[in-house]
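Visitor: Please take me through one part of this model in close detail. I would like to look at the sheet and the packing against it.

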Amino acid sequence: MNIRATLILPAAAVALLALAACEKAVRSTGFIPTTVKMKTEDDLTHSWRSPRLNLADYGMVTILAVETPEQGAYGNLTAEQLENCRRILSERLKEAFAKAPGTGDRTLVIHAAITAIKPNQPMRNIAPQTQILKRGYGYAACEIYASDGELGPVLAALMQTSDTTRFSTEKLSETGTAERAAGDWAAAFRKLLGT
């Protein structure tokens, strides 16, 4: 092998890995209103919190039904699998907001959507040697925001993509990553609000 070929192969591998990473980068589907100016925390997380948010004003929390927007990407998942993922995220949000952040008379309304799921490929994730390039790994993405009442101004917003983790059982299920990520997303959103 000559020197030129030796340099081209590693460069091609790096380019392929970069393309794979770009596929998972956070992308807005428009679920969060476009007037919200999200800040980049890292390649997989964008967030925003209103400086005027006073959690003490919110003695009630309403969590609307979790959505899977048509402009989202869900691989070949069935309607039943998507419904299960929506249900799990809804449950995790209810757990995270079981106690209202304040004692005021206003209602904090949580809007959430699972905007993408690249299903895991369980058969590719059984043997350790097939996991080296993570070809059977998937990911899941969400958009969550809180508003003052159902139609009021947006108070905080989070967009996050979660990768399949190597040392877990989530990779043995098509929707395992989305199911595990639901708890992470709910906790991250509660933390973003400052409670």
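Guide: What follows goes from the sheet to its helices, then to the cores and an aromatic pair. This is a predicted model, in which local features need pLDDT of at least 70, side-chain atom pairs count only at pLDDT 80 or more, and totals for chains, interfaces and linings use all residues. Residues are numbered from 1 along each chain as its sequence is written, and side-chain values use heavy atoms, with hydrogens and water left out.

Start with the sheet. It is open, has six strands in the order 1-2-6-5-4-3, and its pairing is mixed. Strand 1 (39–42) and strand 3 (58–63) are the edges; each has a single partner strand, so one side of each lacks a neighbour in the sheet. From one strand to the next, the twist averages 25 degrees. Strands (E, at least two residues) and helices (H or I, at least four) are DSSP runs, numbered from the N terminus. Two strands pair if DSSP finds at least two bridges between them.

Strand 2 (residues 45–49) and strand 6 (residues 154–163) run antiparallel, joined by five bridges. Trp48 has Ala157 of strand 6 as its bridge partner.

Now the helices. Helix 2 (residues 79–96) packs on the sheet and touches strand 3, strand 4 (106–118) and strand 5 (139–148). Its direction makes about 145 degrees with that of strand 4. Helix 3 (residues 176–193) also packs on the sheet. It touches strand 2, strand 4, strand 5 and strand 6, and its direction makes about 150 degrees with that of strand 6. Contact means heavy atoms within 4.5 Å. Axes are lines fitted to C-alpha atoms, for helices over the stretch in contact; angles run from 0 to 180 degrees between N-to-C directions.

Next, the interior. The largest nonpolar core has 33 residues, and Leu93, Ile110, Ile117, Phe189 and Leu193 have the most contacts inside it. Helix 3 gives the largest share, eight residues. Such a core is a set of buried Ala, Val, Leu, Ile, Met, Phe, Trp, Tyr and Cys residues joined through side-chain atoms within 4.5 Å. Buried means under 20% relative accessible area, exposed over 50%, partly exposed in between (1.4 Å probe, protein chains only).

Finally, the rings. Phe97 and Phe189 have ring centres 6.2 Å apart and planes at 55 degrees, so the pair is tilted. Rings of Phe, Tyr and Trp (its six-membered ring) pair if their centres lie within 6.5 Å; planes under 30 degrees apart count as stacked, over 60 as edge-to-face and the rest as tilted. Phe97 is buried at 5% relative accessibility, and Phe189 is buried at 0%.
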